[in-house]
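Student: I'm new to this structure and would love a close look at one part of it. Could you pick a residue in the interior and walk me outward from there?

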Amino acid sequence: MARLVTQFERKRGSILVLAFWVFLPSGLFLCEEPPEEAWNVTAYAPPADPPDNSTPRFVIDDTGAVIIATRTATKKLASDGQEVWSVPRGGSTIAIDSQGAVCVSMADASKHFVVTAKIDSAGNELWVDDGMTHACEEYSIVVNSVAASSDGSFYVWANLCPGGLLLKYDADGHRVWVGDGGDLANPRVMVDREGSIFVTGTG
């Protein structure tokens with residue numbers, strides 16, 4: 001089964017088109033011949049002047065399906081590249097839990113609110129939180145990273161320029177706590193099997 005997915009941008013006129021290419025396992029490691037292409041799909045064509053942090057993100061579930069988060073929608077492609085579902089809820093970052101549900105998160109159009117949603121493996125939107133904001137109106141929010149925990153909770157990292165927020169949501173979408181994420185550039189958050197949180201970035 002084809003499992004490796006690579007992501008790239010290529011110029012098409014003045015528009016950057018993001019495409020997904022899936023290669024068979026023979027191309028995973030060093031090989032003399034180019035890897036065999038299983039399929040490719042043009043998943044997202046952003047405007048000529050895309051907003052910051054607009055490159056789509058994706059995760060892969062246990063069946064080999066690809067779930068893609070763009071600025072305007074979240075889509076699921078089967079392992080053969082066929083679209084399974086599309087939900088008009090986008091995100092600048094995405095994570096998948098052990099049940100195949102995904103959490104997408106991004107800043108709203110004003111860049112003053114964090115919008116986070118959970119979508120199950122069948123494409124049903126389970127919950128949305130669009131009320132998380134910050135007190136300082138002179139700064140804009142950029143949502144950089146989201147991570148899934150084994151208990152179904154999600155962690156979202158948002159940059160405030162300067163400073164950062166780390167939010168925890170339980171499996172039902174309740175905000176459990178909001179912490180000070182510190183002033184890091186390009187932050188990423190991950191959670192291990194025991195629930196310990198790891199954050200990386202440049203300071």
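**A close look at Val114**

Tutor: Happy to! Let's begin with Val114, which touches Ser105, Met106, Asp129, Asp130, Gly131, Met132, Ile141, Val143, Val156 and Ala158, leaving aside residues up to four places away in sequence. Please keep in mind that this is a predicted model.

Two of those partners, Ile141 and Val156, turn up again when we step back to the nonpolar core. Together with Val114, they have the most contacts inside the largest nonpolar core, a set of 17 residues. Which elements give two or more residues to this core? They are strand E9 (102-107), strand E11 (125-133), strand E12 (142-148), strand E13 (154-159) and strand E14 (164-169). Apart from this core there is another one, with 10 residues, including Val59, Ile67, Ala69 and Ile119.

Strand E12 is a good thread to follow next, as it contributes to the largest core and also gives the most residues, 6, to the lining of the largest pocket. Strand E4 (57-60), strand E8 (93-96) and strand E16 (185-191) join E12 in supplying at least two residues each to that lining. In total, 25 residues line the largest pocket, and Ile94, Ser145, Val146, Val189 and Met190 are the ones nearest its centre. The space inside comes to about 500 Å³. Sorted by class, the lining has 12 nonpolar, 9 polar and 4 charged residues.

The second largest pocket holds about 150 Å³ of space. Its lining is made up of Ile60, Asp61, Asp62, Thr63, Ile96, Asp97, Ser98, Gln99 and Gly100. By class, that gives 2 nonpolar, 4 polar and 3 charged residues.

Finally, let's place all this in the whole chain. The protein chain has 17 strands and 0 helices. It has 203 residues, and 44% of them count as buried. Among contacts between residues at least 6 apart in sequence, 36% join residues at least 24 apart. On the outside, the accessible surface comes to about 10,400 Å², with 52% of it belonging to carbon and sulfur atoms.

So, to retrace the walk on your own, start at Val114 and look for Ile141 and Val156, which it touches. Then find strand E12, which gives two or more residues to the largest core, and follow E12 to the lining of the largest pocket, where it supplies 6 residues.

Notes: Residues are numbered from 1 along each chain as its sequence is written. This is a predicted model: local features need pLDDT of at least 70, side-chain atom pairs count only at pLDDT 80 or more; totals for chains, interfaces and linings use all residues. Side-chain values use heavy atoms; hydrogens and water are left out. A nonpolar core is a set of buried Ala, Val, Leu, Ile, Met, Phe, Trp, Tyr and Cys residues joined through side-chain atoms within 4.5 Å. Buried means under 20% relative accessible area, exposed over 50%, partly exposed in between (1.4 Å probe, protein chains only). Helices (H or I, at least four residues) and strands (E, at least two) are DSSP runs, numbered from the N terminus. Contact means heavy atoms within 4.5 Å. On a 1 Å grid over the protein atoms alone, a cavity is a set of points where a 1.4 Å probe fits but cannot get out, and a pocket is an open set with protein on both sides within 12 Å along at least five of seven lines; lining residues have an atom within 4 Å of a point. Grid points are joined across faces, edges and corners, and a volume is the space filled by probe spheres set on the points. Ala, Val, Leu, Ile, Met, Phe, Trp, Tyr, Cys and Pro count as nonpolar, Asp, Glu, Lys and Arg as charged, and the others, Gly among them, as polar. Accessible areas come from the Shrake-Rupley method with a 1.4 Å probe; for residues, only the protein chains shown count as cover.
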